[in-house]
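Me: I want to learn how the labels on a protein model are earned. Please show me one, and I will ask about the reasons.

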Amino acid sequence: MNPAQLLAEARAALARGELDAADAVLRPLLDDAPGDAEAWRLDGAVALARGQLPQAMQRITRALKLDARNVEAWCELAALYLATGQPAQAFTAASRATTLAPELARGWTLAGMALDAQGSHREAAGAFELALGAGDASALNHANLASARLADGGLPRAEAAARRACDVDPAQAAGWLVLGSVLAAGKRAADAAEAFRQAIARDP
């Protein structure tokens with residue numbers, strides 16, 4: 001296999017959550033091509049998925065030193081900063097990703113999460129909406145949008161986003177949980193209790 005095929009194999013393994021398989025592909029690739037930014041980015045993503053945060057930081061920053069236009073590496077860095085409780089730095093990294101590739105939904109999602117963590121809920125909702133426009137119509141993104149709208153005080157729009165999250169993937173707890181919070185804020189106790197029961201049934 002050539003390097004491009006090996007990178008594709010590592011990406012696919014990572015997407016499936018098969019971290020050992022991704023690592024098995026990346027180790028010899030990095031030995032043979034230590035200047036491959038994307039290989040380091042993927043290696044950092046594997047470390048991040050394992051919770052190995054110092055190693056993730058080292059590998060992701062190395063990827064960016066090799067290629068400062070690697071959009072996914074900026075996204076990985078933003079996710080890493082969020083994981084370590086540094087939302088301002090996460091927003092800076094996510095903003096680099098959205099500047100380089102405004103059509104990439106992940107950058108907007110991470111920017112929204114960083115803004116929300118800093119209390120900028122209205123701006124966070126705007127970022128989540130841009131992620132939706134860029135193609136991230138996942139239940140989790142709708143739930144994130146609902147949560148930001150709730151924190152900003154917009155109950156009707158928060159409820160609409162929460163219900164959309166439940167419609168997109170009824171098996172996910174996140175949509176039901178935020179829907180319960182929205183309904184509780186609107187003094188609809190019985191409906192809120194039912195939404196919370198649905199959330200608990202999916203994630204005890």
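Reply: Here are some labels, each set against its cut-off. This is a predicted model, in which local features need pLDDT of at least 70 and side-chain atom pairs count only at pLDDT 80 or more, while totals for chains, interfaces and linings use all residues. Residues are numbered from 1 along each chain as its sequence is written, and side-chain values use heavy atoms, with hydrogens and water left out.

Me: What makes up the secondary structure of the protein?

Reply: The protein has 12 helices and zero strands. Both terms refer to DSSP runs, numbered from the N terminus: helices are H or I with at least four residues, strands are E with at least two.

Me: Why is the link between D20 and R50 called a salt bridge?

Reply: A salt bridge needs a side-chain nitrogen of Lys or Arg within 4 Å of a carboxyl oxygen of Asp or Glu. The closest N and O atoms of D20 and R50 are 2.6 Å apart, so the pair fits the definition.

Me: How do you know that this pair links distant parts of the chain?

Reply: D20 lies in helix α2 (residues 19-32), and R50 lies in the loop between α3 (37-49) and α4 (53-66). They are 30 residues apart.

Me: Why is D20 called exposed?

Reply: Exposed means over 50% relative accessible area, buried means under 20%, and partly exposed is in between (1.4 Å probe, protein chains only). D20 has 62%, so D20 counts as exposed. R50 has 32%, so R50 is partly exposed.

Me: What makes D152 and R122 a salt bridge?

Reply: Their closest N and O atoms are 2.9 Å apart. That is within 4 Å, so the label holds.

Me: Which of these labels fits R122, buried or exposed?

Reply: R122 has a relative accessible area of 59%, so R122 is exposed. D152 has 34%, so D152 is partly exposed.

Me: Where do E159 and R163 lie?

Reply: Both are in helix α10, four residues apart, about one turn of the helix. Their side chains meet in a salt bridge, at 2.9 Å from N to O.

Me: Why is E159 called buried?

Reply: E159 has a relative accessible area of 17%, so E159 is buried. R163 has 36%, so R163 is partly exposed.

Me: How many salt bridges are found in the whole structure?

Reply: The search finds 17. Salt bridges also link R11, E38, R41, E72, E76 and R106 in a network.
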